[in-house]
Amino acid sequence: MSTQYPQPVEIRREGANILVTWSDGHRSDFSNHYLRTKCQCASCVDEWTRKPLLDPATIPADIHADQIQPVGNYAIQPSWSDGHTTGIYSFTLLRKLCPCDACQADGAAEEAAAS
Ligand SMILES: [Zn+2]
Ligand SMILES: [Zn+2]
């Protein structure tokens, strides 16, 4: 792999949000609720069809990560306050999920190019 993906240098829980500072200086400000709805584990997303199995309406509005465990050097695994702990968020996924305007514009452009 020649492409260097940015790595989080700091992951901080702050109120209802999770703040990630990246090695390229970028900052992502995720709400706990948003990140929980983006869980890609087998009980939240169908492994084969990628169809979402999780109904965001069932997630408590005050959901938060009680703990965020590093997984190897490529991902994090949050323990959510609703008892859900099986979601692993790779750094690449996390960066893709960045809700800031610049990243969302990038993502949309990529999707348009792919289709
Ligand atoms: Zn999940
Ligand atoms: Zn961003």
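This is a step-by-step tour of a predicted model, going from the whole chain to single residues.

**The whole chain**

Start with the full chain in view, coloured by secondary structure. It holds three helices and six strands. Read from the N terminus, the elements run β-β-β-α-β-β-β-α-α. The C-alpha trace spans about 35 × 35 × 30 Å along its principal axes. The radius of gyration is 14 Å, which agrees with the value near 13 Å for a compact globule of 115 residues. Buried residues make up 16% of the 115 residues. Of the contacts with a separation of 6 or more, 32% join residues 24 or more positions apart.

**The sheet β1-β2-β3**

Select β1 (8–14), β2 (17–22) and β3 (27–31). These form an open sheet of three strands in the order β1-β2-β3, with antiparallel pairing. β1 and β3 stand at the edges; each has a single partner strand, so one side of each is left without a neighbour in the sheet. From one strand to the next, the twist averages 15°. Now look between β1 and β2: six bridges join this antiparallel pair. Within β2, Asn-17 is the residue that Glu-14 stands opposite.

**Two residues in and around β3**

Next select Asp-29, which lies in strand β3. Is Asp-29 buried or exposed? It is partly exposed, because 13 other C-beta atoms lie within 10 Å, and a residue counts as exposed at 12 or fewer and as buried at 20 or more. Apart from neighbours within four places in sequence, Asp-29 is in contact with Asn-17 and Leu-19. Add Arg-95 to the selection: Asp-29 and Arg-95 are 66 residues apart in sequence and 11 Å apart in space, C-alpha to C-alpha.

Move to Phe-30. Not counting residues up to four places away in sequence, Phe-30 touches Asn-17, Ile-18, Val-20, Leu-35, Leu-97 and Pro-99.

**The nonpolar core**

Which residues make up the largest nonpolar core? Select Ile-18, Val-20, Phe-30, Leu-35, Ala-65, Ile-76, Trp-80, Tyr-89 and Leu-94, the nine residues of this core. β2 and β5 (75–80) each supply at least two of them. In soluble globular proteins, nonpolar side chains tend to be buried together.

**The loop at Arg-50**

Select Arg-50, in the loop between α1 (32–37) and β4 (65–71). Arg-50 is exposed, because it has 8 other C-beta atoms within 10 Å, and 12 or fewer counts as exposed. Its phi is near 65°, a positive value in a residue other than glycine. Most residues other than glycine have a negative phi.

**The sheet β4-β5-β6**

Finish with the other strands. An open sheet of three strands has the order β4-β5-β6, and its pairing is antiparallel. The edge strands are β4 and β6 (89–90), each pairing on one side only. Zoom in on β4 and β5, which run antiparallel and are joined by six bridges. Two of the pairs can be picked out here: Ala-65 has Trp-80 in β5 as its bridge partner, and Ile-68 has Pro-78. Ala-65 and Trp-80 also belong to the nonpolar core listed above.

Last, follow β4 into β5. The two strands form a hairpin with three residues between them. Select Gly-72 in the turn, where phi is positive, at about 50°.

How values were computed: Residues are numbered from 1 along each chain as its sequence is written. Chains are lettered from A and ligands numbered from 1 in the order in which they are written. This is a predicted model: local features need pLDDT of at least 70, side-chain atom pairs count only at pLDDT 80 or more; totals for chains, interfaces and linings use all residues. A nonpolar core is a set of buried Ala, Val, Leu, Ile, Met, Phe, Trp, Tyr and Cys residues joined through C-beta atoms within 7 Å. Helices (H or I, at least four residues) and strands (E, at least two) are DSSP runs, numbered from the N terminus. Two residues are in contact if their C-beta atoms, placed from the backbone, lie within 7 Å. The radius of gyration is taken over C-alpha atoms; the globule rule is 2.2 Å times the number of residues to the power 0.38. Two strands pair if DSSP finds at least two bridges between them. Axes are lines fitted to C-alpha atoms, for helices over the stretch in contact, and angles run from 0 to 180 degrees between N-to-C directions.
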